[in-house]
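I opened my notebook to work through one protein model. I wanted short entries, one topic at a time.

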Amino acid sequence: MNETVIRQQYDHMANFYDQRWHTYISKTLCALKNWAEIAPTATVLDIGCGTGEFEQLLLTENPQQVITGVDISEKMLFVAQQKFCTYPHVSFQNASVSNLPFTNKSFDVIVSASAFHYFDDPRGALMEIRRVLKPEGKVFILDWCKDYLWCQVCDFILKFVDPAYKGCYTQKEFHNLLRCAQFDIDSATKFHFNFVWGMMMAKATPQIEHNSLTT
């Protein structure tokens, strides 16, 4: 199973992940935080939270932000838990995006950064995200963008050398996945840094369900 391989890889990297990927983490997560402008009163779910670096960014601005992080790597979560052991309103759970352990309509905001290219069933993952998002809630997703040449190259190579890797998408493909999962795309952007990394972000909200009347 893909998640088993991902778990093993990130368990192995947990102790040195922040140091090895410092520049990438800083560039991407700062961009996501600044673009999302998450309200300090919002309850936040971070899917694929890793070592909790996005939580750190949010709490620097809003120390009382209520955040739940989920990840499939227990060792990455252990690192995150050590960082926030004095924050009772920040919690972490070992869970898969395909089976989130939360009731329907639990969160105001859901974020996912650099995890989408690992999802076995991206549409199913988005439907599960929609389930636990409040009707007026917002989802922010950041991931690699296949519109950029070097992301196309990386996508081709990783499918051969990384058994955990599923694939990245063009912005159009990504938006189609969101719409198929019954999201409306409110805004979207792309950016590029350090020659290789081409990224895209989307803000989406659940489509409004209209109850039809029959006579």
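These are my entries, from the whole chain down to single pairs of residues.

**Entry 1: the whole chain**

I noted first that this is a predicted model. I then looked up the secondary structure and found eight helices and seven strands in the chain. The radius of gyration came out at 17 Å, close to the 17 Å that the globule rule gives for 215 residues, so the chain is as compact as a globular protein of that length. I also looked up the box that the C-alpha atoms fill. Along the principal axes it is roughly 60 × 45 × 35 Å.

Next I looked up burial. Of the 215 residues, 49% are buried. Then I turned to contacts between residues at least 6 apart in sequence. Of these, 69% join residues at least 24 apart.

**Entry 2: strand E7 and its neighbours**

How many of the ten residues of strand E7 are buried? I found nine, so I wrote down that E7, residues 197-206, is mostly covered.

I looked up which strands pair with E7. Strand E5 (residues 133-144) runs antiparallel to E7, and six bridges join them. Strand E6 (residues 183-193) is also antiparallel to E7, with ten bridges.

I followed Met201 of E7 to both sides. Leu142 stands opposite Met201. Thr189 has Met201 as its bridge partner too.

Then I looked at the turn. E6 and E7 form a hairpin, with three residues between them. Asn194 sits in that turn and has a positive phi of about 50°.

I added one reminder for myself. In a regular strand, side chains alternate between the two faces of the sheet.

**Entry 3: the nonpolar core**

I searched for nonpolar cores. The largest has 72 residues. Which residues have the most contacts inside it? I listed Ile38, Leu45, Ile47, Ile110, Leu126 and Phe183.

I picked Phe183 and looked up its contacts, leaving out residues up to four places away in sequence. Phe183 touches Leu126, Ile129, Arg130, Leu133, Val139 and Leu178, among others. Its contacts also include Ala204, Thr205, Pro206 and Gln207.

**Entry 4: helix H3**

I checked the length of helix H3, residues 22-36. At 1.5 Å a residue, its 15 residues should span 21 Å. The end C-alpha atoms are 21 Å apart, which agrees.

Which residues of H3 are buried? I wrote down Tyr24, Ile25, Thr28, Leu29, Ala31, Leu32, Lys33 and Ala36. What covers them includes helices H2 (17-20) and H4. Strands E4 (107-113), E5, E6 and E7 are also among the covering elements.

Just after H3 I came to Glu37. Glu37 takes a positive phi of about 50°.

**Entry 5: salt bridges**

I searched the whole structure and got eight salt bridges. I looked up three of them.

The first joins Glu53 and Lys83, with the closest N and O atoms 2.5 Å apart. This pair links distant parts of the chain: Glu53 is in helix H4 (residues 53-61), Lys83 is in helix H5 (residues 74-83), and they are 30 residues apart. Are these two buried or exposed? Glu53 is partly exposed, with a relative accessible area of 26%. Lys83 is also partly exposed, at 26%.

The second joins the side chains of Lys146 and Asp155, at 3.2 Å from N to O. Lys146 is partly exposed, with a relative accessible area of 24%. Asp155 is at 4%, so I marked it as buried.

The third joins the side chains of Asp147 and Lys190, also at 3.2 Å from N to O. These partners link distant parts of the chain, 43 residues apart. Asp147 lies in the loop between E5 and helix H7 (149-161), while Lys190 lies in strand E6. Asp147 counts as partly exposed at 34% relative accessibility. Lys190 counts as partly exposed at 36%.

I then looked for shared partners. Salt bridges join Asp18, Glu53 and Lys83 into one network.

**Entry 6: one distance**

My last lookup was Gln82, which lies in helix H5. Gln82 is partly exposed, with a relative accessible area of 46%. Gln82 and Glu136 are 54 residues apart in sequence. In space, their C-alpha atoms are 33 Å apart.

Definitions and conventions. Residues are numbered from 1 along each chain as its sequence is written. This is a predicted model: local features need pLDDT of at least 70, side-chain atom pairs count only at pLDDT 80 or more; totals for chains, interfaces and linings use all residues. Side-chain values use heavy atoms; hydrogens and water are left out. Buried means under 20% relative accessible area, exposed over 50%, partly exposed in between (1.4 Å probe, protein chains only). Helices (H or I, at least four residues) and strands (E, at least two) are DSSP runs, numbered from the N terminus. Two strands pair if DSSP finds at least two bridges between them. A nonpolar core is a set of buried Ala, Val, Leu, Ile, Met, Phe, Trp, Tyr and Cys residues joined through side-chain atoms within 4.5 Å. Contact means heavy atoms within 4.5 Å. A salt bridge is a side-chain nitrogen of Lys or Arg within 4 Å of a carboxyl oxygen of Asp or Glu. The expected span of a helix is 1.5 Å times one less than its number of residues. The radius of gyration is taken over C-alpha atoms; the globule rule is 2.2 Å times the number of residues to the power 0.38.
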